[in-house]
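Subject: Structure for your review

Dear colleague,

Please find below the structure I agreed to pass on to you. My notes on it follow directly after.

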Amino acid sequence: MQDNEDGIVLKNPEGMELIQTVDFFTPIVNNPYFFGQIAAANAMSDVYAMGGEPYSAMNIVCFPTKEMDLNILIEILKGGYFKVLEAGAILAGGHSVEDKEIKYGLAVTGIVKKEHIATNKGAKIGDFLVLTKPLGTGILATALKAKWEGYKEIEGLVYFWASRLNKVAGEVIRKFNIKGATDITGFGLGGHLLEMAKASYVQIEVWSNKIPVLERVREFVQMGLVPEGSYANRKFCEKMVEISSNVDPILIDIIFDAQTSGGMVLSVPEDRLNDVRRYLNDHGEMAAVIGQVRPCRGEIFLKIV
């Protein structure tokens with residue numbers, strides 16, 4: 001908009017439902033442009049998880065303008081802008097607040113046809129669970145903040161995965177009529193799968209040895225570099241989770257690691273599994289089969305084996 005309006009008028013595409021979501025957080029990487037890209041990708045992820053496409057977005061910014069170089073803010077906003085463009089959406093201004101702590105994210109409006117909507121209550125008994133990104137960004141971000149050896153390489157790894165849009169997974173939902181999906185963010189894989197299991201009234205069985213993990217993550221867990229949020233996730237879920245005695249304790253910490261802009265988990269019927277995996281792989285995405293949906297058994301909604 002060039003006329004200094006406080007809002008934007010958009011035409012709602014015929015036959016489309018609206019998805020609205022908002023997310024913002026403090027930096028997890030040092031590079032401000034990287035941070036802007038990651039925060040924008042994270043905010044749009046909820047739209048993809050419901051089978052939609054981002055349509056418009058508005059910046060949400062907190063920044064200490066009196067204490068920090070404004071070029072840092074410019075780089076954050078530039079990163080967010082280009083990520084929104086990559087998603088095919090419109091960035092329509094936003095709102096900023098003077099704050100001692102940097103925070104950035106987006107309020108996003110997405111569009112979806114009613115018949116393409118997926119939710120976390122759509123998992124059906126017999127479905128297989130397909131994960132589209134490896135785990136460990138929360139643990140790597142903790143190592144990055146501690147400036148651990150090789151932290152510049154760690155930042156590059158976090159940026160590569162966390163700035164990656166879940167756009168292709170959203171396409172899969174629409175193309176293959178997937179009804180159960182969730183993106184993996186602050187509650188970790190374990191927390192979000194538990195939400196899905198409870199909403200769908202099923203038990204989800206996770207195959208711990210099939211879960212893809214980012215480089216150096218196991219090493220950092222052994223050193224105790226696990227964010228507090230990950231411990232909180234595990235404690236909150238523990239009464240509804242059963243963990244087999246042979247599961248590596250390091251993997252449990254990783255399963256409950258609080259992710260930023262993580263991948264998606266798709267609940268895929270067996271007759272569509274090969275086609276879904278092939279489509280993801282052909283478009284350069286990961287397609288790890290990490291578990292299966294079982295009948296609900298009492299108060300245990302998540303089983304890790």
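Helix H1 (residues 32–49) packs against helix H4 (residues 151–162) at an angle of about 30°, and their axes lie 9 Å apart. Please bear in mind throughout that this is a predicted model. The crossing of H1 and H4 is left-handed. On the H1 side, the contact involves Tyr-33, Phe-34, Gln-37, Ile-38 and Ala-41, which meet Glu-155, Val-158, Tyr-159 and Ala-162 of H4. By class, the residues of this contact are seven nonpolar, one polar and one charged.

H1 also packs against helix H2 (residues 70–87), where the axes come within 7 Å and cross at roughly 40°. Here the crossing is right-handed. H1 contributes Pro-32, Tyr-33, Phe-35, Gly-36, Gln-37, Ala-40, Ala-41, Met-44 and Tyr-48, while H2 contributes Ile-72, Glu-75, Ile-76, Lys-78, Gly-79, Gly-80, Phe-82, Lys-83, Val-84 and Ala-87. The contact of H1 with H2 comprises 12 nonpolar, four polar and three charged residues. Tyr-33, Gln-37 and Ala-41 of H1 appear in the contact with H4 and also in the contact with H2.

Beyond H1, in the loop that leads to strand S2 (53–63), lies Gly-52. Gly-52 is buried, because its relative accessible area is 0%, and the cut-off for burial is under 20%. Setting aside residues up to four places away in sequence, Gly-52 touches Ile-19, Val-47, Ile-111, Val-112 and Arg-174. The C-alpha atoms of Gly-52 and Gly-105 are separated by 19 Å, with these positions 53 residues apart along the chain.

I turn next to helix H3. Seven of its nine residues are buried, so H3 is largely enclosed by the rest of the structure. The buried residues are Thr-137, Gly-138, Ile-139, Leu-140, Ala-141, Ala-143 and Leu-144. Their cover includes H4, H7 and helix H9 (249–255). Leu-140 of H3 has a relative accessible area of 0% and is therefore buried. Apart from neighbours within four places in sequence, Leu-140 is in contact with Ile-154, Leu-157, Val-158, Leu-214, Glu-215, Val-217 and Phe-220. The C-alpha atoms of Leu-140 and Ile-154 are 6.6 Å apart, although 14 residues separate the two along the chain. Val-158, a contact of Leu-140, is also one of the H4 residues that meet H1.

The aromatic residues deserve a separate paragraph. The count comes to nine aromatic pairs. One of them joins Trp-148 and Phe-220 edge-to-face, at 6.5 Å centre to centre and with 80° between the planes. This pair links distant parts of the chain, since Trp-148 is in the loop between helix H3 (137–145) and H4, whereas Phe-220 is in helix H7 (residues 217–222), 72 residues apart. Phe-220 is buried, with a relative accessible area of 0%, while Trp-148 is partly exposed at 32%. The pair of Phe-160 and Trp-161 is edge-to-face as well, because the ring planes stand at 85°, with centres 5.2 Å apart. Phe-160 is partly exposed, at 45% relative accessible area, whereas Trp-161, at 15%, counts as buried. In addition, ring pairs join Phe-25, Phe-35 and Tyr-104 into a cluster. Phe-35 of this cluster is also among the H1 residues in the contact with H2. Lys-175 lies over the face of Phe-176, 5.8 Å from the ring centre.

Finally, some backbone angles may merit your attention. Lys-147, which follows H3, has a positive phi near 55°. Asn-177 is not a glycine, yet its phi is positive, about 55°. Asn-177 is located in the loop between helix H5 (167–175) and strand S6 (180–183) and is partly exposed, with a relative accessible area of 41%. Ser-261, likewise a residue other than glycine, has a positive phi near 50°. Ser-261 occupies the loop between H9 and strand S9 (264–268), and at 2% relative accessibility Ser-261 counts as buried.

With kind regards

Conventions
Residues are numbered from 1 along each chain as its sequence is written. This is a predicted model: local features need pLDDT of at least 70, side-chain atom pairs count only at pLDDT 80 or more; totals for chains, interfaces and linings use all residues. Side-chain values use heavy atoms; hydrogens and water are left out. Axes are lines fitted to C-alpha atoms, for helices over the stretch in contact, and angles run from 0 to 180 degrees between N-to-C directions. Helices (H or I, at least four residues) and strands (E, at least two) are DSSP runs, numbered from the N terminus. A crossing is left-handed if the near helix is turned anticlockwise from the far one by less than a right angle, and right-handed if clockwise. Contact means heavy atoms within 4.5 Å. Ala, Val, Leu, Ile, Met, Phe, Trp, Tyr, Cys and Pro count as nonpolar, Asp, Glu, Lys and Arg as charged, and the others, Gly among them, as polar. Buried means under 20% relative accessible area, exposed over 50%, partly exposed in between (1.4 Å probe, protein chains only). Rings of Phe, Tyr and Trp (its six-membered ring) pair if their centres lie within 6.5 Å; planes under 30 degrees apart count as stacked, over 60 as edge-to-face and the rest as tilted. A charge sits over a ring if NZ of Lys or CZ of Arg is within 6 Å of the ring centre and within 35 degrees of the ring normal.
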